[in-house]
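Ready for some practice in reading a protein model? Work through the exercises below with the structure in view, and try each one before you read its solution.

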Amino acid sequence: MEIEKLIYKEKQNCTGCIACVNSCPKKCISIKTDREGFWYPLINHEICIQCGNCDYSCPMLSDLDNFKNECNDIYAAINKDNNIRQSSSSGGMFQLLAENILDSGGIVFGAMFNDKWEVVHGYAENIDQLCRFRGSKYVQSYIGETYQLAEKNLKLGRKVLFSGTPCQIVGLKRYLRKEYEKLITVDLVCHGVPSPLVWQKYITFCSNGRKIYNIIFRNKKISWERYLIEFDFENSSTYQMPFDKDLYLKGFLSNLYLRPSCYSCRFKGVDRESDITLADFWGIDEILPDMNDHKGTSLVLLHTKKGDKIFSEIQNKIRVKKMNLYLNKIIEYNSSIIESAIYNPKKEKFFKELNNGKLSVNILIDKYTKTNINKRIYQNMRRKAASIKILKKIYRKILK
Ligand SMILES: Cc1cc2nc3c(=O)[nH]c(=O)nc-3n(C[C@H](O)[C@H](O)[C@H](O)COP(=O)(O)OP(=O)(O)OC[C@H]3O[C@@H](n4cnc5c(N)ncnc54)[C@H](O)[C@@H]3O)c2cc1C
Ligand code: SF4
Ligand code: SF4
Ligand code: SF4
């Protein structure tokens, strides 16, 4: 099968969307976890009937340009409900889209914690259940059987909203094989997904024997921009740390343990296969300061008529401004829209040490995210320096 050749060639050729597993009529594809904690399909050839479904459903084997929808409109948007916005990562747009679908008897799929605090895809059928999806979880989410469940509901004639990373949305679409009028897909601007193994080790370290009651990746009590990660424990103790001080988020933001496919992501771009793309409106202070009250502003990209329609239906619940003319600036402040995360060359060594188990995860992240002061000065200057000649001069001076 082609998917095997792909993965054998380079691990970065598999996103772990498991559309292949969902599509196999013989259930002969199992999932193998590698030493970095990421999932890869494994075919049992004794049972395989060579139907080709797995290859067909794989987003990495598909010619994406044939399926992309052009971006029609770009908006800055804020949910008028302050409580929902406070508990959402950006401007709280996801909740409104999801409510719209539930109000018409539909079902919503998204990423949530399970009882082991792993991140998995699940579904909600009423508004009370939506809180499980609210807020970004910076770990790869396990799709499980949710593509099959979404298909079952579409075949019953129900509206389905499916949210996830761009590769998960393309995986769903390939799995479904045909367009469904009642399907709305919502993807994210995606920096990349961290390793579930590192996450599990980190929560074990952080909880230190205490039972976890709640985890919030982005507590906005200081501000949207300066968010905190929060762990609440059943003994009423709490861990809260700013994003740039917490070790797990430091490792995530320095690309130390992202999935290999995230360093050369094919699902980037302004045009997408989804109906709607959601993101943080980073740079809003420079682009449209009136829409920044530091509580979170969403960037919304609409790609299809279905996307336009649902967005127009929530207009009375949002503050909104069309931003089509500012695309270049928007990308300047949020490069994840079009660019993959830069590979961190320390990744190999980090996982080698993590797997040999001599040092704990916190010590290792700290070790591998430390940059010496000279290097940091150099990196900052590199970003700003226009000419390589000037750069070399500065570097030599610093190192003297
Ligand atoms: C791993 C990851 C990386 C991201 N990187 C960027 C970035 O670089 N730049 C940027 O502008 N925005 C990024 N985002 C998107 C941003 O953080 C918000 O999720 C988005 O703006 C939606 O916010 P909201 O306020 O509308 O709703 P929220 O309630 O905050 O978002 C909930 C939505 O996120 C989905 N979700 C949460 N965690 C995951 C996950 N692990 N996998 C798949 N779906 C998930 C839920 O299913 C739901 O659809 C990222 C999100 C994730 C999960
Ligand atoms: S070819 Fe068909 S039967 Fe074989 S692994 Fe792929 S989907 Fe399963
Ligand atoms: S369908 Fe998804 S999980 Fe399967 S090989 Fe392709 S990218 Fe990997
Ligand atoms: S960066 Fe690309 S490959 Fe990685 S999770 Fe996001 S969409 Fe998928």
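**Exercise 1.** By class, how many nonpolar, polar and charged residues does the shell around ligand 1 have?

*Solution.* Keep in mind that this is a predicted model. Sort the shell by class: you should find 15 nonpolar, 17 polar and 3 charged residues. Next, look at which residues come nearest to ligand 1: they are Ser89, Gly110, Ser163, Ala279 and Ser336, out of 35 around it. Finally, turn to the elements: helix H5 (93-103) and the strands E4 (107-113), E6 (160-164), E7 (183-188) and E11 (276-280) each supply at least two residues of this shell.

**Exercise 2.** Find the order of the strands in the open sheet of 8 strands.

*Solution.* Going across the sheet, you should read E5-E4-E6-E7-E11-E12-E3-E13, and the pairing is mixed. At the edges sit strand E5 (119-124) and strand E13 (318-322), each of which pairs on one side only. On average, neighbouring strands of this sheet are turned by 25 degrees against each other, direction ignored. Now zoom in on one pair: E4 and E6 run parallel and are joined by 3 bridges. Here Ile107 stands opposite Val160 in E6.

**Exercise 3.** Which residues of helix H11 (residues 305-313) are buried, and why are they on the same side of H11?

*Solution.* Start with the list: Gly307, Ile310 and Phe311 are the buried residues of H11. They lie on the same side of H11 because they cover an arc of only 100 degrees around the axis. Then check the face turned away from that buried side: it carries the exposed residues Lys305 and Ser312. Last, ask what covers the buried residues of H11: the cover includes H5, E7, E11 and strand E12 (298-302).

Terms used. Residues numbered from 1 in each chain as written. Chains lettered and ligands numbered in written order. Predicted model: local features only at pLDDT ≥ 70, side-chain atom pairs only at ≥ 80, totals over all residues. Near = placed C-beta within 6 Å. Helix = DSSP H or I, 4+ residues; strand = E, 2+ residues; numbered from the N terminus. Nonpolar A, V, L, I, M, F, W, Y, C, P; charged D, E, K, R; others polar. Pairing = 2+ DSSP bridges. Axes fitted to C-alpha atoms, helices over the stretch in contact; angles between N-to-C directions. Buried ≥ 20, exposed ≤ 12 C-beta atoms within 10 Å, placed from the backbone. Arc of directions from axis to C-beta. Contact = placed C-beta atoms within 7 Å.
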